[in-house]
Amino acid sequence: MSNTAVDVSAGSKSEQAYAAVKARIVEGAYTPGYRLVLAKIAEDLGVSVVPVREAIRRLEAEGLVTFERNVGATVSGIDPTEYLYTMQTLSIVEGAATALSAPLIGPVDIARARAVNAEMRDCLDHFDPVRFTALNQDFHSVLFEHCPNPHILDLVHRGWNRLASLRSSTFRFVPGRAHDSVDEHEALLQLIESNADADTIEHAARRHRAATLDAYLAQAAAAPTPALH
């Protein structure tokens, strides 16, 4: 009995450590290259080193943390090529997931998505890229979460996980894209409300995702050393 209790406690603390460290990476508190000192993080979180070590292993498996010999764990750097490939892939699988979800999206879902998009629009006046990114994911989750194909849905979640460490930086790097993104969201909702065919919805969703990538590539080409962090 006592062993079970310890395991559950350790698991709970490991989950808390994972959520806390991941949030700091996504929000930019831990920037690319930041050295993750387990003892210091454990002290900050009020836990032992063990759950922190487990959390770091999970983040390493997700690609958010890199382990280097004689250095230890650091926040993974941003690879522009990885961003390119991930966005290209996500545009395809998320477009498909959104199209497959469309017939299952009801008025309540539409209202929820539109409310999130309204928050995103409000966010534009005093732009907060981290909040905008979180709302952006909430919006798209409404559109693809009803996808009946679990394999496609898994690929979408994997894509979002890969982008987790740099999504906030993307809108920071191309803030002008945020205005167009909100307008495109409303256009997507109108297509779904009007029962547009699957191909039209899929292509609109893919164009929406690709437009963010195009904006980044254009900005990167104009800058001598584009910095996403």
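The paragraphs below lead through the internal spaces of this predicted model, a helix pair and an aromatic contact.

We begin with the enclosed space. The structure holds 1 cavity of 30 Å³ or more, and the largest cavity contains about 60 Å³ of space. Its lining is made up of Leu90, Ser91, Glu94, Gly95, Thr98, His140, Leu143, Leu188, Ala205, His208 and Arg209. Three elements, helix 4 (80-101), helix 6 (129-144) and helix 10 (198-222), give two or more residues each to this lining, and helix 4 gives the most, with 5 residues. In chemical character, the residues around the largest cavity divide into 4 nonpolar, 5 polar and 2 charged.

Helix 6, which contributes to that lining, also packs against helix 7 (residues 150-163), and the axes of these two helices come within 12 Å and cross at roughly 175°. Because angles over 145 degrees count as roughly antiparallel, helix 6 and helix 7 are therefore described as roughly antiparallel to each other. On the side of helix 6 the contact is made by Asn136, Gln137, His140 and Phe144, and on the side of helix 7 by Leu153, Val156, His157 and Trp160. The residues of this contact divide into 4 nonpolar and 4 polar, with no charged residue. His140 thus appears twice in this account, in the lining of the largest cavity and in the contact of helix 6 with helix 7.

Helix 4 and helix 10, both of which also help to line the cavity, are linked by an aromatic contact. The structure holds 3 aromatic pairs, and one of them is formed by tyrosine 83 and tyrosine 216, whose rings are edge-to-face, with 4.8 Å centre to centre and 80° between the planes. Since tyrosine 83 lies in helix 4 and tyrosine 216 in helix 10, the pair ties together parts that are 133 residues apart in sequence.

There remains an open space to consider. The second largest pocket holds about 180 Å³ of space, and of the 13 residues that line this pocket, Ala102, Pro103, Ile105, Ile192 and Asn195 are the closest to its centre. At least two residues of the pocket lining are supplied by each of helix 5 (107-123), helix 9 (176-193) and helix 10, and helix 10 is also among the elements that give two or more residues to the lining of the largest cavity. The lining of the second largest pocket divides into 10 nonpolar, 2 polar and 1 charged residues.

Conventions. Residues numbered from 1 in each chain as written. Predicted model: local features only at pLDDT ≥ 70, side-chain atom pairs only at ≥ 80, totals over all residues. Heavy atoms only, no water. 1 Å grid on protein atoms, 1.4 Å probe; cavity = no way out; pocket = protein on both sides within 12 Å on 5 of 7 lines; lining within 4 Å. Points joined across faces, edges and corners; volume = space filled by probe spheres on them. Helix = DSSP H or I, 4+ residues; strand = E, 2+ residues; numbered from the N terminus. Nonpolar A, V, L, I, M, F, W, Y, C, P; charged D, E, K, R; others polar. Axes fitted to C-alpha atoms, helices over the stretch in contact; angles between N-to-C directions. Parallel < 35°, antiparallel > 145°, perpendicular 65-115°, else oblique. Contact = heavy atoms within 4.5 Å. Phe/Tyr/Trp six-rings, centres within 6.5 Å; stacked < 30°, edge-to-face > 60°.
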